[in-house]
Amino acid sequence: MDKETQNQLAEQFADLLRSTGRSGIEELILYLQEETDFFTAPASTKYHGAYEGGLLQHSVNVYEVLRYDPDGSFSFSDSIIIVSLLHDICKANCYRTEKRNVKENGVWVEKQVYVFDDEFPLGHGEKSLYLASKFIELSDEEAAAIRWHMGAFDCAFQGGDRGLNAAYEKYPLAVMLHMADMRATYLIKDRG
């Protein structure tokens, strides 16, 4: 992704968060800008958004998917802005690069790759929820949506936790965020 596109996405991201008018939102934006690599980090090591700015691009993509909720119950609400843009803030400051030998077209080559290195391993949805909550107040539905956005990929669910099903039955936004995240991950072409 070129710098101009990255800057435009960062501005869109911040403007959308500001549009919610939430108390603490400026502090959250400042934290993401000055204390993290959120706007330049990849979204993953080798899957969706595995490039500089991929995390920002993915978050905006999730917003674009979720804002067109087919039943119209959440369209253009503060909640869809909050949960879509903040669901993966746990990934900030978690990626570094290193050189590794990788096979390309049957030939080993040395290449710069992303490596996941979380210095604050709190869990995925749990960490995003925790970080967002340090700055802004979330509704119960927003908290559940961020916490359970990984759906059946969540380690707690895989271990037998029943919270996912209960959250999805009680909070439609949690289901909608998970589906938007999956669509943005697997079906939306990134700009990167």
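# Salt bridges, core and hairpin

Biologist: Which kind of link do the side chains of R100 and E98 meet in?

Modeller: R100 and E98 meet in a salt bridge, with 2.7 Å from N to O; the term requires a side-chain nitrogen of Lys or Arg within 4 Å of a carboxyl oxygen of Asp or Glu. This is a predicted model, in which local features need pLDDT of at least 70 and side-chain atom pairs pLDDT 80 or more, while totals for chains, interfaces and linings use all residues. Residues are numbered from 1 along each chain as its sequence is written, and side-chain values use heavy atoms, without hydrogens and water.

Biologist: Are R100 and E98 buried or exposed?

Modeller: Neither; R100 is partly exposed at 41% relative accessibility, and E98 is partly exposed at 23%. Buried means under 20% relative accessible area and exposed over 50%, with partly exposed in between (1.4 Å probe, protein chains only).

Biologist: And how many salt bridges does the whole structure have?

Modeller: The search finds 12. One of them links E126 to R147, whose closest N and O atoms are 3.1 Å apart.

Biologist: Where do E126 and R147 lie?

Modeller: E126 is in helix α5 and R147 in helix α6, so their pairing ties together parts 21 residues apart in sequence. E126 is partly exposed at 26% relative accessible area, whereas R147 is buried at 12%. Elsewhere, R96, E98, R100 and D117 are joined into one network by salt bridges that share partners.

Biologist: What about R18 and D15, how far apart are they?

Modeller: R18 and D15 form a salt bridge whose closest N and O atoms are 3.5 Å apart. About one helical turn separates the two, because they are three residues apart in helix α1. R18 is partly exposed at 35%, and D15 is likewise partly exposed at 40%. Helices here are DSSP runs of H or I with at least four residues, strands are runs of E with at least two, and both are numbered from the N terminus.

Biologist: Changing topic: how do β1 and β2 run?

Modeller: Strand β1 (residues 95-104) and β2 run antiparallel, joined by 10 bridges; strands pair if DSSP finds at least two bridges between them. E104 has V107 in β2 as its bridge partner. The two strands form a hairpin with two residues between them, and N105 in the turn has a positive phi of about 55°.

Biologist: Now the interior: how many residues are in the largest nonpolar core?

Modeller: That core has 49 residues, and F13, L17, L32, F38 and L86 have the most contacts inside it. Such a core is a set of buried Ala, Val, Leu, Ile, Met, Phe, Trp, Tyr and Cys residues joined through side-chain atoms within 4.5 Å. The elements that give two or more residues to it include α1 (3-19), α2 (25-34) and α4 (78-86).

Biologist: Which element gives the most?

Modeller: Helix α3 does, with seven residues.

Biologist: What is L86 in contact with?

Modeller: Apart from its neighbours within four places in sequence, L86 is in contact (heavy atoms within 4.5 Å) with F13, L17, L28, L32, S128, A132 and I136.

Biologist: And S128, buried or exposed?

Modeller: S128, in helix α5, is buried at 0% relative accessibility. Beyond its neighbours within four places, S128 is in contact with L86, H87, D88, I89, C90 and I146.

Biologist: Lastly, where is G163 found?

Modeller: G163 is in helix α8 (residues 163-170) and is partly exposed at 22% relative accessibility. Its C-alpha atom is separated by 8.4 Å from that of W148, 15 residues apart along the chain.
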